[in-house]
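This briefing concerns the ligand environments of the structure shown below. Contacts of the bound molecule are taken up before the metal site.

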Amino acid sequence: MSNYRAWFSCIDENCGETYPLNEIIYRCRKCGNLLEVTHDIDTLKEKSAQEWKDIFDNRYRRQSWPYGSSVWGKKEWVCPYVEDNNIVSMYEGATNLFWAERFGRQIGMEDIWIKMCGNSHTGSFKDLGMTVLVSVVNQMKSEGKDVPAVACASTGDTSAALAAYCASAGIPAIVFLPKDKVSIAQLVQPISNGALVLSLDTDFDGCMEMVQRVCTENNIYLANSINSLRIEGQKTISIELCQQFDWEVPDWIIIPGGNLGNISALGKGFLVMKELGLIDKLPRLVCAQAEHANPLYLSYLKNFEEFHPVKAKTTLANAIQIGNPVSVNKAIRILKEFDGIVEQASEVELSNACALVDRTGTFNCPHTGVALAAFLKLQERKIFKPSDRIVIISTAHGLKFVEFKIGYHKGELEGVFSKYANKPVELPADYGAVTDAIFKAIGH
Ligand SMILES: *Cc1c(COP(=O)(O)O)cnc(C)c1O
Ligand SMILES: [Zn+2]
C-alpha cells in the first residue's frame, strides 16, 4: 500500500506549492489559495482500468476491514497514507441507487435515478468525507502530533458526522452551530455523541468565520470542507455511481450545492476515473441552489465571469443556506469542465418537488427537494432527451427533517402552498365514519 502517495497541492497551478497530508494546513502558505489532494497518478496507472474495477468490485460491501466501506474500498485513490489500524470507519457509502421508475414515467422519462447518500450512519453524505478527515487526525495522533480537538462550523449535517466519527475514535469534537437554524434531529446528534456544542447567535457564515479563527489561533484541527481531505472521501460518490451502473456513465447528475464542496468532489471523482481509463466520457453536471442562497446561480448567469457572495436568506433547505461558499473556485472550475448548469429553486418549488416525489416511494429532505425542483424546471425547458440517464443526488435522510415534512402536510410552511398535502383524517372510532372516509378517499 505504501507505494501509493498523495499530498496537498495549491489549486493554482502557477503556484505549485505542495504540503504533506499530515500537516495542519488548509490554504496555501505562499498564495492563500485553497489546497487539494493530488495523487501520484503514475503509480496508480501501473494497474489497468480493468484491474482497478476488479479491485473495487471485489471489496464492495465485504467485511475485510476497512475495505468493505465504499470509501476505503477505494483507499489507494482516496488516502493511501493512513494505516489501516488508524482508520475510523462506519462502513460508508454503498448507498441505494433508487430507480425512480414511477416518478420518471409521470414526466415521460425512463431512466431517472436517485442516489440515496443520506442512507448512512449519520444520515447524510457528510460521512463520506468525515471518515477520511478523522482517520487522518487519528493517524497524526499515532505519529505523536499534538491535535487537542477537531472543530467545524455546520448547518447541521457536518457536525453530526464530525461528532460521530470523533466519538468513535475518542477524539474531542467542537461544533459551531447557528442558533435556531438547524433541525432538532441535526442538533441532537452531536449532543448525543458528546461533542461540545456551541450555539452561536449568528448564521452559518458567521460560525464559519469564528471557527476558522479559533482553529488557526489554537492549533485545533478544522473539519470544514475547506479541508480538502473531505473532498477525497466525497469523490467516491461518482466512483460508486459508475460501479453501480456496471461502470457506465450517466448522462446527467443533479446535486444541491451550498458550500460547493460536494459538486467539486463529484467532478473530481469523474476526472480521476477518466484519467485512469475506467470511463471514457464525462456526465454533464447540474448544481441546484436554493433561491434564498444562490450566489453560484447569480455567477452562472454571468458566465462565471464574476462571483459575489450574498447574504443568505432563511430557507427550508437549511444545510445549503450559505452565502459565501468556501469551495466556489473549485466548483466553477468543475462546472466549466463538465459543461455544467446551475439552476435555482424557490421555497414553494423545493417543497412541492419533495412532496411530489415522496409519493412515488422515497422520503426526500429539502435539499434533495432543491435538486428535484431544478430537475423538473430543466425538464420543462426540454434540456434533457427522454432517453437520458439522469441521477439526482439525495444528500440527507428525510427523517432528519420531520418539522419540514409535517409543516408541509399541515399546510403550515410560511409562504408555501402545499400542492400535495396529505392530512391525517381525524375520526370518531365509528365503523360507518371509517368506511365513509375510506371510500371517499379511494373513490369506489
Ligand atoms: C452539506 C450539505 C449539502 C451541501 O453540500 P456542499 O458541499 O456544502 O455544497 C447539501 N445537502 C445536505 C443535506 C448537506 O448536509
Ligand atoms: Zn499557492
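In this predicted model, an oxygen atom of ligand 1 lies 2.8 Å from a backbone N or O atom of Asn259. The protein covers 97% of the 380 Å² of accessible area that ligand 1 has on its own. The model also holds a zinc ion, ligand 2, with Cys10, Cys15, Cys28 and Cys31 as its coordinating residues.

**Polar contacts of ligand 1**
- A polar backbone atom of Asn262 is placed 2.8 Å from an oxygen atom of ligand 1.
- The side chain of Thr395 contributes an N or O atom that lies 2.8 Å from a nitrogen atom of ligand 1.

**Surroundings of ligand 1**
- The site occupied by ligand 1 is the largest cavity.
- There are 14 residues around ligand 1, and those that come nearest are Lys126, Asp157, Gly258, Asn262 and Thr395.
- By residue class, the shell around ligand 1 consists of 7 polar, 5 nonpolar and 2 charged residues.

**Zinc site (ligand 2)**
- The zinc ion is coordinated at 2.3 Å by the SG atoms of Cys10, Cys15, Cys28 and Cys31.
- The site of the zinc ion is tetrahedral, and the angles among its 4 donor atoms run from 95 to 117 degrees.
- Along the sequence, the donor residues of the zinc ion follow the spacing C-x4-C-x12-C-x2-C.

Technical notes:
Residues numbered from 1 in each chain as written. Chains lettered and ligands numbered in written order. Predicted model: local features only at pLDDT ≥ 70, side-chain atom pairs only at ≥ 80, totals over all residues. Heavy atoms only, no water. Near = heavy atom within 4 Å. Polar contact = N/O pair within 3.5 Å; in protein donor to acceptor, adjacent residues only side chain to side chain. Areas by Shrake-Rupley, 256 points an atom, 1.4 Å probe, with all protein chains shown as cover. 1 Å grid on protein atoms, 1.4 Å probe; cavity = no way out; pocket = protein on both sides within 12 Å on 5 of 7 lines; lining within 4 Å. Sits in = over half its atoms within 2 Å of the grid points. Nonpolar A, V, L, I, M, F, W, Y, C, P; charged D, E, K, R; others polar. Donors = N, O, S within 2.8 Å, 3.2 Å for Na, K, Ca; no water. Tetrahedral: all angles 85-135°; square planar, octahedral: opposite > 155°, others 65-115°.
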